[in-house]
Amino acid sequence: MKVARAVVCLSLWLAVCRVSGFHIPLKMNKTIQNLLQHYNVPPHQIFDGKPVFSKERLPGSLEVQRVFMAGVLETYDNLFSKMLRQLPTPSPQTAGNGDHPASDVNAPQGLAGSGPSGDVREGLVDLLDRVRNLRKYGYQDVEKLLQGLHSLRHIQLENTVVQSKALWELTRVYTEASTLSEKQRKRRRRQARGSKTHQRA
């Protein structure tokens, strides 16, 4: 009964997606339902009002929203890779391999597609392939930006040489950042004036 309720809720959500102009492939829909039944998490825990990924869109331009969505897709990539590694049988080496689809790496003979574990593996690999293809063909430009952002996390902030280099480079970085900020303000003012002119007309 609990699984049936979860499937009904998922079906309603998929119907909303179709109304909004996007149609989820039937195979993907079926795969998600099968995986939900396998993991069998109670609906009251799934639909507790605290989604993993917020339903509210970030304020800002389309570029801002695409950057955020690219980050969400990257998280799904890592999530499905983690779920594959958690299966009780040896799984394909999928983590950190965003350049190639997960199906490029074959599971050991006799595992993939054999029994419940094989079905789960096949479903996760299918979803992982879809996410990676969307990242590759729909968000390739944003991926490069995210890679640049990730590299900032590895800067050795406690290193005195790095600190001195950063101080030396601050004037250049601050000038570039201020210029970009000013361009954004000017663009918003132009858009606001254009909107007022359109309303008067």
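Is Asp126 buried or exposed? I looked this up before anything else and found Asp126 to be buried, with a relative accessible area of 16%. I note at the outset that the model is predicted.

**Entry: the partner of Asp126**

I then followed the side chain of Asp126 to Lys27, with which it forms a salt bridge at 4.0 Å, N to O. I placed the two residues on the helices: Lys27 belongs to helix 2 and Asp126 to helix 5. The bridge links distant parts of the chain, the two residues being 99 apart. I checked the lysine as well; Lys27 counts as exposed, at 54% relative accessibility. I therefore recorded a pair with one residue over the 50% limit for exposed and one under the 20% limit for buried.

**Entry: Arg135 and its network**

I turned next to Arg135, whose salt bridge with Glu143 has its closest N and O atoms 2.7 Å apart. Are these two residues buried or exposed? I found Arg135 buried, at 12% relative accessibility, and Glu143 buried, with a relative accessible area of 12%. I traced the bridge further and found that Arg135 and Glu143 are part of a network of salt bridges that also links Asp77 and Arg132.

**Entry: a pair within helix 7**

I looked up Glu182 and Arg185, which form a salt bridge with the closest N and O atoms 2.6 Å apart. Both residues lie in helix 7 (residues 160–200) and are three residues apart, so about one helical turn separates them. I read Arg185 as partly exposed, with a relative accessible area of 41%. Glu182 likewise counts as partly exposed, at 27% relative accessibility. I entered the count of salt bridges for the model as ten.

**Entry: the nonpolar core**

I closed with the largest nonpolar core, which has 17 residues. Which members touch the most other members? I noted Phe80, Leu84 and Leu124. I then listed the elements that give two or more residues to this core: helix 2 (26–39), helix 4 (62–85), helix 5 (115–138) and helix 6 (140–153). Helix 5 gives the most, with six residues.

I examined Phe80 in more detail. Leaving aside residues up to four places away in sequence, I found that Phe80 touches Leu124, Leu127, Leu128 and Val131. I marked Leu124 in particular, since this contact of Phe80 is also listed with Phe80 among the members that touch the most others.

Conventions
Residues are numbered from 1 along each chain as its sequence is written. This is a predicted model: local features need pLDDT of at least 70, side-chain atom pairs count only at pLDDT 80 or more; totals for chains, interfaces and linings use all residues. Side-chain values use heavy atoms; hydrogens and water are left out. A nonpolar core is a set of buried Ala, Val, Leu, Ile, Met, Phe, Trp, Tyr and Cys residues joined through side-chain atoms within 4.5 Å. Buried means under 20% relative accessible area, exposed over 50%, partly exposed in between (1.4 Å probe, protein chains only). Helices (H or I, at least four residues) and strands (E, at least two) are DSSP runs, numbered from the N terminus. Contact means heavy atoms within 4.5 Å.
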